[in-house]
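Student: Hello! I have a new structure to explore and would love some help. Could we go through it together?

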Amino acid sequence: MIDRSVTTVIDKERCIGCGLCVKVCPLDTISIQDGKAAVTGKESLSCSHCAAACPEGAITVNATSGKAMLSYSTFKEDQKWLKHGDFDTSQLVRLMRSRRSCRNYRETPVDRNMLEDLVKIGITAPSGTNSQGWTFTILPARGSVHFLANQVARYFKELNNMAEKSHLRLFMKLTGNKELDFYYKNYYERVKETLSEWEDTGRDRLFHGATSAIIVGCKPGSTCPAEDALLATQNILLGAHSMGLGSCLIGFAVSAMQRDPKIKLAAGIPANERIYAVIALGWPDEKYFGLAGRKPAVIRYFDKA
Ligand SMILES: Cc1cc2nc3c(=O)[nH]c(=O)nc-3n(C[C@H](O)[C@H](O)[C@H](O)COP(=O)(O)O)c2cc1C
Ligand code: SF4
């Protein structure tokens with residue numbers, strides 16, 4: 001059940017009746033009554049658009065007015081709204097293109113405040129009906145990342161044991177489940193190699209030696225849990241690069257956690273949360289001299305006069 005309770009409070013003394021809050025409200029929570037804004041709707045997304053649009057500071061949305069969630073301790077935020085077009089697009093694109101999946105990390109741990117600030121950067125993302133059901137589990141040190149890597153390795157060892165049985169693959173294929181056969185053809189060999197390196201030499205090809213990680217999940221009941229979690233994730237990736245950190249999405253860890261709930265529970269994540277991203281983080285031990293390209297994307301118009 002999505003919480004749509006109204007926590008909007010309007011200071012009538014300050015309100016000049018300009019109607020700017022009404023214009024930006026997605027649920028018609030506010031209307032102008034006798035020349036002043038009034039809360040007349042029964043539902044609110046608690047998006048705070050009204051409070052941000054009010055030139056007189058007359059609106060408080062109690063659900064989101066707590067400052068702690070969006071106050072950062074590792075950098076100073078210029079708390080002014082940038083109007084549309086008021087940012088250097090070339091710098092934005094430069095940041096986006098400079099972020100790379102990092103697969104070489106130094107051993108120096110990342111400060112916990114930086115990890116918390118990254119989460120706060122994450123939650124500035126949009127979310128379906130503003131449900132903000134995302135959850136972030138911070139693995140602050142190599143020990144916790146190593147623990148998770150061991151759990152994921154155990155899962156893939158069991159999966160590889162199953163996948164190498166040709167009769168099992170055939171049986172599953174004949175009963176309509178082609179997943180194991182697909183896994184065998186596309187991942188089995190690489191996973192086998194990775195697992196034996198992990199066991200024989202301790203080389204971490206799963207988390208690439210990252211000293212920390214953030215697991216992004218979502219609570220049940222959100223309208224678009226995957227989209228919300230992944231939008232927050234992209235914010236974190238960009239934020240990490242801007243803060244000097246390397247990052248890498250670890251899809252293998254996500255798939256293990258989605259299929260084996262024991263891993264989630266072992267990491268202290270409730271069973272009813274679904275995991276959408278595992279972000280490896282750490283101080284990078286690599287640099288680039290240029291930007292990477294992209295394959296041609298499908299771009300089409302659906303044009304109607
Ligand atoms: C959903 C997803 C899962 C990924 N899983 C892994 C992974 O398990 N291990 C890894 O090293 N990189 C992983 N990556 C990183 C991709 O390989 C990488 O994004 C891609 O090669 C493009 O490189 P770039 O991120 O540097 O632009 C993943 C990326 C995405 C989007
Ligand atoms: S934006 Fe502020 S001043 Fe304008 S009507 Fe709404 S509450 Fe009143």
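Tutor: Gladly! Let us start with a term we will need: a residue counts as buried when its relative accessible area is under 20%, and as exposed when it is over 50%. Keep in mind that this is a predicted model.

Student: How many residues of α4 are buried?

Tutor: The helix α4 spans residues 112-122. Among its buried residues are M114, L115 and D117, and the list goes on with L118, V119, K120, I121 and G122. That leaves α4 mostly covered, and the count of buried residues is eight of 11.

Student: Which elements help to cover the buried residues of α4?

Tutor: Think of the parts of the chain that touch those buried residues of α4. One of them is the strand β6, at 212-218, and another is α9, at 225-242. Naming them together, the cover includes α9, β5, β6 and β8.

Student: What does a side-chain oxygen of D111 reach at the start of α4?

Tutor: Here the partner is a backbone atom. The side-chain oxygen of D111 comes to within 2.7 Å of that atom, which is the backbone nitrogen of N113.

Student: Is V216 buried or exposed?

Tutor: V216 belongs to strand β6, and its contacts include T135, F136, A229 and T233. Further contacts of V216 include I275, Y276, A277 and I279. Its relative accessibility is 0% and the cut-off is under 20%, so V216 is buried.

Student: How many Å separate the C-alpha atoms of V216 and S90?

Tutor: Along the chain, V216 and S90 are 126 residues apart. In space, the distance between their C-alpha atoms is 29 Å.

Student: Where is S222, and is it buried or exposed?

Tutor: S222 sits in the loop that links β6 and α9. Leaving out residues up to four places away in sequence, S222 touches S131, G133 and D228. With a relative accessible area of 15%, S222 is buried.

Student: What is the phi of N130, and is N130 buried or exposed?

Tutor: Most residues other than glycine have a negative phi. N130, in the loop between α4 and β5, is not a glycine, yet its phi is positive, at about 50°. Its relative accessible area is 19%, under the cut-off of 20%, so N130 is buried.

Student: D34 has a positive phi too. Is D34 buried or exposed?

Tutor: D34 lies in the loop between β2 (30-33) and β3 (36-39), and its phi is about 50°. Its relative accessible area is 82%, over the 50% mark, so D34 is exposed.

Student: Which side-chain atoms lie 2.5 Å and 2.7 Å from an oxygen atom of ligand 1?

Tutor: The residues around ligand 1 include R99, S101, H208 and R294. A polar side-chain atom of R99 is 3.0 Å from an oxygen atom of the ligand. At 2.5 Å we find a polar side-chain atom of S101, and at 2.7 Å an N or O atom in the side chain of H208.

Student: How do the residues around ligand 2 divide into nonpolar, polar and charged?

Tutor: Ligand 2 takes up the space of the second largest cavity. Its surrounding residues include C15, C18, C21 and C54, along with others such as I16, P55 and E56. The shell divides into nine nonpolar, two polar and one charged.

Conventions. Residues numbered from 1 in each chain as written. Chains lettered and ligands numbered in written order. Predicted model: local features only at pLDDT ≥ 70, side-chain atom pairs only at ≥ 80, totals over all residues. Heavy atoms only, no water. Helix = DSSP H or I, 4+ residues; strand = E, 2+ residues; numbered from the N terminus. Buried < 20%, exposed > 50% of the residue type's maximum accessible area, 1.4 Å probe, protein only. Contact = heavy atoms within 4.5 Å. Near = heavy atom within 4 Å. 1 Å grid on protein atoms, 1.4 Å probe; cavity = no way out; pocket = protein on both sides within 12 Å on 5 of 7 lines; lining within 4 Å. Sits in = over half its atoms within 2 Å of the grid points. Nonpolar A, V, L, I, M, F, W, Y, C, P; charged D, E, K, R; others polar. Polar contact = N/O pair within 3.5 Å; in protein donor to acceptor, adjacent residues only side chain to side chain.
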